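User: I would like a close look at a single strand of this protein and at how the sheet is built around that strand. Please take me through the part slowly, in connected prose.

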Amino acid sequence: LTDKLSRLVKQMRGQARITEANVQDMLREVRMALLEADVALPVVRDFIARVKEKALGQEVLGSLKPGQALVGIVNKELAATMGEGVADINLAAQPPAVILMAGLQGAGKTTTTAKLAKHLQEKRKKKVLTVSGDVYRPAAIEQLRTVTAQAGAEWFASGPEQKPREIALAALDYAKKHFFDVLLVDTAGRLAIDEVLMQEIKELHAVLNPVETLFVVDAMQGQDAVNTARAFKEALPLTGIVLTKLDGDSRGGAALSVRQITGAPIKFAGVSEKLDGLEVFDAERHAGRILGMGDIVALVEQVAQGVDMEAAQKLAAKVKSGDGFDLNDFLGQLQQMKQMGGLSSLMDKLPAQLAAKAGQVDMGKAERDIRRKEGIICSMTPHERRRPDIIKATRKKRIAAGAGVQVQEVNRLLNEFDQMRTMMKKMKSGGLMKMMKKMGG
Ligand code: GDP
Ligand code: MG
């Protein structure tokens with residue numbers, strides 16, 4: 001997909017305005033991208049219509065091409081749609097502030113309850129009580145007890161014959177008497193929308209008058225997320241969404257669907273089954289993920305300005321053909337990094353998953369003393385640059401003297417070169433160079 005999008009971006013060079021004619025293909029690709037990311041069809045239609053309206057007739061500023069500008073608009077609109085009104089948990093209520101968790105079975109309600117307990121205790125210094133309204137599965141109550149203990153919060157034990165409503169009232173009473181700031185209410189799982197259970201959670205809502213009613217939804221739930229979201233929105237006044245399992249490999253299109261259908265802000269993202277795996281939802285990053293690319297516009301710009309495209313391509317080809325990455329290439333890389341404002345700033349613009357992979361290599365270090373490194377490489381003979389492996393003790397001493405540095409620094413550079421060579425190999429499989437190559441045509 002990114003492949004096709006970038007080709008289209010390129011085709012649209014030299015046109016100063018976004019018109020119906022020149023964006024049609026692009027919009028079709030964007031539509032495909034959204035569908036591939038499992039955004040629900042009606043939501044996609046709506047979104048495309050909105051983007052089209054915003055984009056048509058828009059002047060294309062500066063050196064941007066219409067295609068690039070459109071990708072920018074799409075990205076921004078996506079982020080705005082998902083990101084408006086984002087805020088931490090609202091606790092503005094007479095204590096205890098009640099938070100009600102709603103969602104399908106397996107969505108991650110119990111896990112998220114414990115994650116929130118931990119978050120509220122540690123980050124916001126609140127005294128937190130949890131209670132399970134799931135009276136149908138004793139194991140679910142036990143699960144909440146275990147994870148609440150892990151979170152360092154307190155769990156309220158219910159009686160064996162109690163109804164959810166009675167349990168909720170008892171927990172509320174206990175929380176008041178013991179000065180808890182927050183009461184987190186986990187609820188029974190629904191495998192699908194079930195009228196009886198819906199009625200039950202509505203009743204719980206009426207009794208508890210929660211300040212937050214959070215809809216917990218699995219990011220891997222695709223098209224169906226719309227129906228689930230609609231049913232819960234009709235039953236409850238949702239105040240926020242928690243999108244779980246974002247550590248999975250789904251593109252997370254459910255975020256857009258659910259946001260659009262419920263109108264509630266996406267507050268948190270679950271990124272692991274562990275209790276510290278809860279992050280404030282980042283709409284911009286998520287927009288990139290849905291489109292299957294990072295901030296392509298900024299990247300395209302940066303690449304166009306900063307990189308000698310031909311050199312980058314040659315380098316990419318070389319790495320690919322396995323000819324070996326030598327110190328001349330390394331030097332070229334250093335120089336390009338300098339022009340682009342640093343490899344790490346480029347990394348920020350890559351899709352999150354890709355960046356995480358690349359982030360395993362220490363980029364910051366490679367940036368800091370580029371100049372010194374250039375000096376060292378320039379003190380080598382052409383032969384040494386092509387065959388770094390021949391640089392042993394005597395040569396190192398000579399190079400160090402020539403560059404005015406210690407031998408250790410030469411060693412360090414050679415080590416980094418090795419690291420870079422390793423990184424280039426990683427990049428080869430779906431990385432930056434490939435991307436630059438594509439965009440360069
Ligand atoms: P509930 O039925 O809605 O209460 O869902 P649970 O909290 O029991 O979670 C269902 C499964 O999803 C469990 O195996 C959890 O460990 C897992 N889970 C929940 N949230 C996340 C998450 O953000 N990432 C991952 N990888 N797993 C999660
Ligand atoms: Mg549960």
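Analyst: What follows is an account of strand β1 and its surroundings in a predicted model.

Strand β1 covers residues 97-102, and because six of its six residues are buried, the strand is largely enclosed by the rest of the structure. In a regular strand the side chains alternate between the two faces of the sheet. In β1, A97, I99 and M101 point one way while V98, L100 and A102 point the other way, and all of these residues are buried.

Strands of a sheet pair through backbone hydrogen bonds, either parallel or antiparallel. With strand β4, residues 182-186, β1 pairs in the parallel sense over four bridges, and within that pairing the bridge partner of L100 in β4 is V185. Four bridges also join β1 to strand β5, residues 212-218, and these two strands run parallel; here the bridge partner of L100 is T213.

Taking the sheet as a whole, eight strands form an open arrangement in the order β3-β2-β4-β1-β5-β6-β7-β8, with mixed pairing. The edge strands are β3 (154-155) and β8 (278-280), each of which pairs on one side only. Edge strand β3 pairs with β2 in the parallel sense over two bridges, and L129 stands opposite E154 of β3.

Beyond the strands themselves, helix α10, made up of residues 254-262, lies across β5, β6 (240-244) and β7 (266-270), and runs at about 165° to β6.

Technical notes. Residues are numbered from 1 along each chain as its sequence is written. Chains are lettered from A and ligands numbered from 1 in the order in which they are written. This is a predicted model: local features need pLDDT of at least 70, side-chain atom pairs count only at pLDDT 80 or more; totals for chains, interfaces and linings use all residues. A residue is buried if 20 or more other C-beta atoms lie within 10 Å of its own, exposed if 12 or fewer, and partly exposed in between; C-beta atoms are placed from the backbone. Two strands pair if DSSP finds at least two bridges between them. Two residues are in contact if their C-beta atoms, placed from the backbone, lie within 7 Å. Axes are lines fitted to C-alpha atoms, for helices over the stretch in contact, and angles run from 0 to 180 degrees between N-to-C directions.
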